[in-house]
Amino acid sequence: MGYHVLWTDSDIVWLQDPFQHFPSGYDMYIQSDDDDVCAGFYFLRHTEHTVSYMHKVVEYLNPMIDDQISMRRGLKDNHAMKVCILPRDLYPNGSAYFNMKIPQKSGVSPVIIHNNCIIGHRSKKDRFIEYQLWYVQEPRVQEQSSDIAPCQALYTLTGIHDVITSMIVKEAEAHVSYATYAPVEIYVSSFDKTLKIWHFNPTNGTFDHITTKYMHPRGAVWDMCVSEAVLYTASHDRTAAAWPLDMMDKGSSNSFVTRPTSSHSSSSSSSSSSSSSSSHSSLAAILEGAGIPSSSPPRNELVPSCLYKGHSLVVNCVAVSEPLGLVFTAGDDKTIRCYNKITGEKIR
């Protein structure tokens with residue numbers, strides 16, 4: 001005897017019993033998204049049809065096809081299973097509730113509210129708080145007294161909208177004499193799947209925001225390294241990837257100067273994202289080859305020059321040996337893997 005399964009994403013708040021509006025006679029009940037069904041909230045009864053369906057969904061999964069795309073494809077191939085698409089006013093997604101306000105305009109009290117269609121933990125939390133839907137009782141952290149004097153930051157750089165996952169600093173291309181400080185480039189990856197690049201001139205304390213790019217659309221970057229003008233990344237999507245630095249399109253952008261912080265004041269600086277177009281045709285070809293619809297426009301998204309696949313779980317670390325021409329990766333699957341740097345072929 002099998003189990004019935006209710007799946008709910010962690011960015012969903014329940015306001016009522018979700019089962020009360022389920023009509024009888026269906027194998028599957030699933031939330032709708034803007035363009036299709038949403039894998040963030042669904043209920044599966046244990047039937048012959050649902051078991052067969054989930055086996056197909058698992059078979060479709062790969063580093064480029066996530067659970068939602070796989071479930072959508074599975075529904076198109078499974079005509080025997082009876083599926084109920086839950087009404088958007090009672091089970092709204094992020095755009096239905098927060099943007100179009102379908103339940104509010106209909107005078108309906110929603111059963112659940114899915115805080116999707118927005119990127120990043122911080123953004124989701126802030127929106128829940130704004131709409132008085134944040135019910136987590138967070139403990140107040142008491143500061144520990146210490147005899148050690150706190151360090152004061154020389155500069156504070158803001159403009160990153162979610163948790164920073166990794167950062168590297170490399171000397172800028174321009175050569176400077178020994179008597180001066182060399183300018184550097186700062187590469188910062190975030191949980192919202194962005195890579196931001198700044199140029200920092202330590203002589204006058206000027207930061208230039210060079211570009212913001214989207215990388216690894218199926219998972220955040222956990223580690224980065226640079227070798228011979230190529231950026232290598234390890235990602236939550238179970239892959240590592242190579243990105244030539246010349247593809248970053250480092251054009252002009254807003255410049256700002258940060259001021260040293262003091263014990264009396266702390267000043268922060270923000271920058272605006274500069275948008276630069278990426279190769280939509282190349283991205284579309286890769287997505288379509290993997291069976292992923294490419295109807296939505298790219299979000300300044302980069303296409304890697306080489307993808308290193310093979311890990312069954314999250315890839316946490318990446319390192320490069322230039323003399324050997326090899327890329328090494330380590331992941332949550334407790335393995336270290338080795339690839340040809342140029343072709344992506346797995347060595348062992």
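Which residue in β13 is the bridge partner of L231? In this predicted model, that partner is W243. This pair is a handy way into the structure, and we will start from there.

## The β12–β13 hairpin and its surroundings

Strands β12 and β13 pair in the antiparallel sense, with five bridges between them. Together they make a hairpin in which three residues separate the two strands. One residue to look at in the turn is R238, whose phi is positive at about 75 degrees, although R238 is not a glycine. R238 lies in the loop between β12 and β13 (239-244), and its relative accessibility of 29% makes it partly exposed.

At the other end of β12 there is another backbone feature of this kind. A229 sits in the loop between β11 (221-227) and β12 (230-235). Its phi is near 60 degrees, again a positive value in a residue that is not glycine.

β13 also has a pairing with strand β15 (residues 306-309): the two run antiparallel and are joined by four bridges. Within that pairing, T239 has K309 of β15 as its bridge partner. How is β13 placed relative to the rest of the structure, enclosed or open? Five of its six residues are buried, so β13 is largely enclosed by the rest of the structure.

## Two nonpolar cores

Now for the packing of side chains. The largest nonpolar core has 14 residues. Those with the most contacts inside this core are Y187, L195, M224, L231, W243 and M248, so both members of our opening bridge pair, L231 and W243, appear in that list. Strands β9 (194-201), β11 and β13 each supply at least two residues of the core.L231 itself has a long list of neighbors. Leaving aside residues up to four places away in sequence, L231 touches I168, Y187, L195, M215, M224, C225, V226, A241, A242, W243, L245 and M248. A second, separate core has twelve residues, including V230, Y232, C306 and Y339.

A general point helps when you look at the strands here. In a regular strand, side chains alternate between the two faces of the sheet. With that in mind, you can follow V230, L231 and Y232 on screen: L231 belongs to the largest core, whereas V230 and Y232 belong to the second one.

## Salt bridges

How many salt bridges does the structure hold? There are twelve. Three of them are set out below.

| Salt bridge | Closest N to O distance |
|---|---|
| R88 and D34 | 2.9 Å |
| R72 and D35 | 3.0 Å |
| D333 and R337 | 3.7 Å |

The salt bridge between R88 and D34 links distant parts of the chain, with their positions 54 residues apart. R88 comes from the loop between β5 (83-85) and α3 (94-99), and D34 from the loop between β3 (28-32) and β4 (37-44). Both partners are partly exposed: R88 has a relative accessible area of 23%, and D34 has a relative accessibility of 45%.

The salt bridge between R72 and D35 also ties together distant parts of the chain, its residues being 37 apart. R72 is in helix α2 (residues 67-77), while D35 is in the loop between β3 and β4. Are these two partners buried or exposed? R72 is buried, at 14% relative accessibility, whereas D35 is exposed, with a relative accessible area of 60%. R72 and D35 also belong to a network of salt bridges that includes D33.

For the D333 and R337 pair, both residues are buried.

## A buried lysine and a nonpolar surface patch

Two further spots deserve a visit. The first is K124, found in helix α5 (residues 121-130). Is K124 buried or exposed? With a relative accessible area of 19%, K124 counts as buried, because the cut-off for that class is under 20%. Not counting residues up to four places away in sequence, K124 touches D11, N115, N116 and I118.

The second spot is on the surface, where Y3, V5 and W7 make a nonpolar patch of about 360 Å². V5 is part of strand β1 (residues 5-8), and its relative accessible area of 37% makes V5 partly exposed.

Notes: Residues are numbered from 1 along each chain as its sequence is written. This is a predicted model: local features need pLDDT of at least 70, side-chain atom pairs count only at pLDDT 80 or more; totals for chains, interfaces and linings use all residues. Side-chain values use heavy atoms; hydrogens and water are left out. A salt bridge is a side-chain nitrogen of Lys or Arg within 4 Å of a carboxyl oxygen of Asp or Glu. Buried means under 20% relative accessible area, exposed over 50%, partly exposed in between (1.4 Å probe, protein chains only). Contact means heavy atoms within 4.5 Å. A nonpolar core is a set of buried Ala, Val, Leu, Ile, Met, Phe, Trp, Tyr and Cys residues joined through side-chain atoms within 4.5 Å. Two strands pair if DSSP finds at least two bridges between them. Patches are made of residues with over 30% relative accessible area and no salt bridge: like charges are joined within 9 Å, nonpolar side chains (Val, Leu, Ile, Met, Phe, Trp, Tyr) within 5 Å. Accessible areas come from the Shrake-Rupley method with a 1.4 Å probe; for residues, only the protein chains shown count as cover.
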